[in-house]
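Please read the points below with the model open. They run from the overall fold to single residues.

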Amino acid sequence: INELSEYNLLVFGLPEEIKSYGIEESDTLKFIADPYIAKSLSYVEQCDAMVASDSAIKTLSCALRIPTLMFDAPKVFVMSALAPNTPPAELTLPKV
């Protein structure tokens, strides 16, 4: 993640979930882990793109027409911000 310093990243999740990642906040990496989902959701509109699980955050990013990748292992769904009524494209991740 530190190699991505030219981008500003927001990591959404529960405090214990983010802590388990073993990464530290920095000037370009901020954690959004408010126990009140409405507060966390208020940050979504600041995003230019979203990578998320099937969650309220993914749903809001799609509703706001933010380009979104949704992970539901082993599949990835590409949600179209330009054509929101189009079914998502489905990709299957290779087994590692």
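The notes that follow cover the chain as a whole, its largest pocket, a surface patch and a few single residues.

1. Status and fold. This is a predicted model. The chain has three helices and six strands, and their order along the sequence is β-α-β-α-β-α-β-β-β. The helices thus appear within the alternating part of that pattern, which closes with β-β-β.

2. Burial. The chain has 96 residues, and 21% of them count as buried. The cut-off behind that figure is a relative accessible area under 20%.

3. Largest pocket. The volume of the largest pocket is about 770 Å³. Its lining consists of 22 residues, and those closest to the centre are L10, V11, F12, M50 and V51. Three elements each give two or more residues to this lining: β1 (9-12), β3 and α3 (56-63).

4. Character of the lining. What classes of residue line the largest pocket? The lining has 15 nonpolar residues, five polar ones and two charged ones.

5. V51. This residue belongs to strand β3, which spans residues 50-53. V51 counts as exposed because its relative accessibility is 54%, and the cut-off for exposed is over 50%. V51 is also among the lining residues closest to the centre of the largest pocket.

6. Surface patch. Which residues make the nonpolar surface patch of about 250 Å²? They are V51, L69 and F71. V51 therefore has a part in this patch as well as in the pocket lining, and its relative accessibility of 54% puts it in the exposed class.

7. R65. This residue sits in the loop between α3 and β4 (68-72). Its phi is near 65°, a positive value in a residue other than glycine. Is R65 buried, partly exposed or exposed? With a relative accessible area of 46%, R65 is partly exposed, since that class lies between the 20% and 50% cut-offs.

8. I37. Helix α2 covers residues 37-41, and I37 is in it. I37 has a relative accessible area of 48% and so is partly exposed. How far apart in space are I37 and I57, C-alpha to C-alpha? The distance is 8.8 Å, while the two are 20 residues apart in sequence.

Methods. Residues numbered from 1 in each chain as written. Predicted model: local features only at pLDDT ≥ 70, side-chain atom pairs only at ≥ 80, totals over all residues. Heavy atoms only, no water. Patch = residues over 30% accessible without salt bridge, like charges linked within 9 Å, V, L, I, M, F, W, Y side chains within 5 Å. Areas by Shrake-Rupley, 256 points an atom, 1.4 Å probe, with all protein chains shown as cover. Salt bridge = Lys/Arg side-chain N within 4 Å of Asp/Glu carboxyl O. Helix = DSSP H or I, 4+ residues; strand = E, 2+ residues; numbered from the N terminus. Buried < 20%, exposed > 50% of the residue type's maximum accessible area, 1.4 Å probe, protein only. 1 Å grid on protein atoms, 1.4 Å probe; cavity = no way out; pocket = protein on both sides within 12 Å on 5 of 7 lines; lining within 4 Å. Points joined across faces, edges and corners; volume = space filled by probe spheres on them. Nonpolar A, V, L, I, M, F, W, Y, C, P; charged D, E, K, R; others polar.
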